[in-house]
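Here's a quick tour for anyone opening this structure for the first time. Have a look at the sequence and the model, and then we'll walk through them together.

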Amino acid sequence: MRISTLIVLLFLPFLSLCLCVSPLSLSDTEIWSLPLKPPKHHRNKYPLCSTNAECFKKGLPPLKPRSKTKRHELKARQSASATTVNGIIQVLNSSGTPIGYVSGTVNSTYGGYGMTSSAANAMSVSFSPNGNSPVTYTLSSSQRPSGFPYLGAVYGGGTSAMNFASTDYSYAFVTAVNTVIPVGPAVASASNNRFNSAKGTETSLFTYNSASGNIAATWTNTNSAAVSATIIYDVKFALFYLISNFSAFQKQFPNEGEYVVTWKLIPQ
Ligand SMILES: *[C@@H]1O[C@H](CO)[C@@H](O)[C@H](O)[C@H]1NC(C)=O
Ligand SMILES: *[C@@H]1O[C@H](CO)[C@@H](O)[C@H](O)[C@H]1NC(C)=O
Ligand SMILES: *[C@@H]1O[C@H](CO)[C@@H](O)[C@H](O)[C@H]1NC(C)=O
């Protein structure tokens, strides 16, 4: 028997096993938000600290130096003088009324972030604003899921993969990410985000208005175009999403109780 035939025969039982598992009996509009795989824990695979100062404080070895050749990476000159802002994220409804806080605890059902009514449990972030360029927010070391120190979003769906189109229902789940992804198109990898989805992850997402305290979101498309994103809360799944067009999203997902919110930083 030829080796290749043998290999095929060896794998046949697995192949048929895969094929006989019937798809979930959910409507098309519901399948989208179910995670493909249960979240995996990457304990100790990634650094438990995100800056050398933090590693030092925790008695951990310094971070491995990163390659200097990555696109859009901050030059030493830019990062040295940057001011760090710290605070918790409050949630306002579209009338501007505070309705809660972004939870600092990742929901282990999906690996995304939802809402909490308690300021003590609110998500605590730090970041260095860079004018109108979106930056990466770092999650406080006491709250972040192990190995995922950064706030990010992973693409969920839309008519053009990894893109936010102005007239479709494109959306991304707010989650925790293991690495800083510079301003640019999403990076597809199931292991870079706590949602365990390989649909495309970004972390350079947020700009901050220090006068109002408001946090605005920007998604970067595959052609590097920056798209202003709307932040919504989805009641059915108890998760925040970034989306491109609320009426198109509502039309696609009419039964999720979703509504538009504003995120506001309460400096700490
Ligand atoms: C915002 O919340 C307040 C207080 O609960 C409520 O009175 C108001 O109707 C809400 N606005 C919207 C647009 O839901
Ligand atoms: C949102 O999408 C709809 C089509 O679904 C379109 O008619 C509308 O103009 C879009 N809104 C914006 C602000 O682009
Ligand atoms: C976590 O997600 C599940 C499923 O959507 C939801 O039922 C639950 O309320 C969420 N938990 C929290 C703390 O938000």
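How many bridges join strand 1 to strand 2 (residues 98–102)? There are three, and the two strands run antiparallel. Keep in mind throughout that this is a predicted model.

## How far to trust it

Let's start with confidence. The chain has a mean pLDDT of 81, with 70% of its residues at 70 or more. One weak patch covers residues 3–47, where the pLDDT is below 50; in the model this stretch makes 29 contacts beyond near neighbours in sequence. Another is residues 65–80, also with pLDDT below 50, and here the model shows nine contacts beyond near neighbours in sequence.

What should you do with patches like that? Where pLDDT is low, the predicted coordinates are not something to read in detail.

## Strand 1 and its partners

Back to strand 1, which spans residues 85–92. On the way to strand 2, Val91 sits opposite Gly100. These two strands make a hairpin with five residues between them, and in that hairpin Gly96 has a positive phi near 85 degrees.

Strand 1 also pairs with strand 4 (residues 124–127), in the antiparallel sense and over four bridges. Here Val85 is the residue facing Phe127 of strand 4. Then there's strand 13, which pairs with strand 1 over six bridges, again antiparallel. Ile88 has Ile266 of strand 13 as its bridge partner.

## Strand 10 and its partners

Now jump along the chain to strand 10, residues 214–220. Strand 9 (residues 206–208) is joined to strand 10 by three bridges, and the pair runs antiparallel. Look for Thr207, whose bridge partner in strand 10 is Ala216. Five residues lie between the strands of this hairpin, where Gly213 takes a positive phi near 85 degrees.

Next comes strand 11 (residues 226–234), which pairs with strand 10 over four bridges in the antiparallel sense. Thr220 is matched with Ala226 of strand 11 as its bridge partner. This is a hairpin too, with five residues between the strands, and Ser224 in the turn shows a positive phi of about 75 degrees.

Which way do strand 10 and strand 13 (residues 259–267) run, parallel or antiparallel? They run antiparallel, joined by two bridges. Asn214 finds its bridge partner in Lys264 of strand 13. So strand 13 turns up twice on this tour, by DSSP bridges: it pairs with strand 1, and it pairs with strand 10 under the rule of at least two bridges.

## Around the ligands

Finally, the ligands. Around ligand 1 you'll find Asn93, Ser94, Ser95, Thr97 and Ile99. That shell splits into one nonpolar and four polar residues, with no charged ones.

Ligand 2 has Ser166, Thr167, Asn245, Ser247 and Ala248 around it. By class, its shell holds one nonpolar and four polar residues, and no charged residues.

Which residues surround ligand 3? They are Asn107, Thr109, Gly114, Phe237 and Ala238. The shell of ligand 3 counts two nonpolar and three polar residues, and once more no charged ones.

Notes
Residues are numbered from 1 along each chain as its sequence is written. Chains are lettered from A and ligands numbered from 1 in the order in which they are written. This is a predicted model: local features need pLDDT of at least 70, side-chain atom pairs count only at pLDDT 80 or more; totals for chains, interfaces and linings use all residues. A residue is near a molecule or strand if its C-beta atom, placed from the backbone, lies within 6 Å of it. Ala, Val, Leu, Ile, Met, Phe, Trp, Tyr, Cys and Pro count as nonpolar, Asp, Glu, Lys and Arg as charged, and the others, Gly among them, as polar. pLDDT is the predictor's confidence in each residue, from 0 to 100. Two residues are in contact if their C-beta atoms, placed from the backbone, lie within 7 Å.
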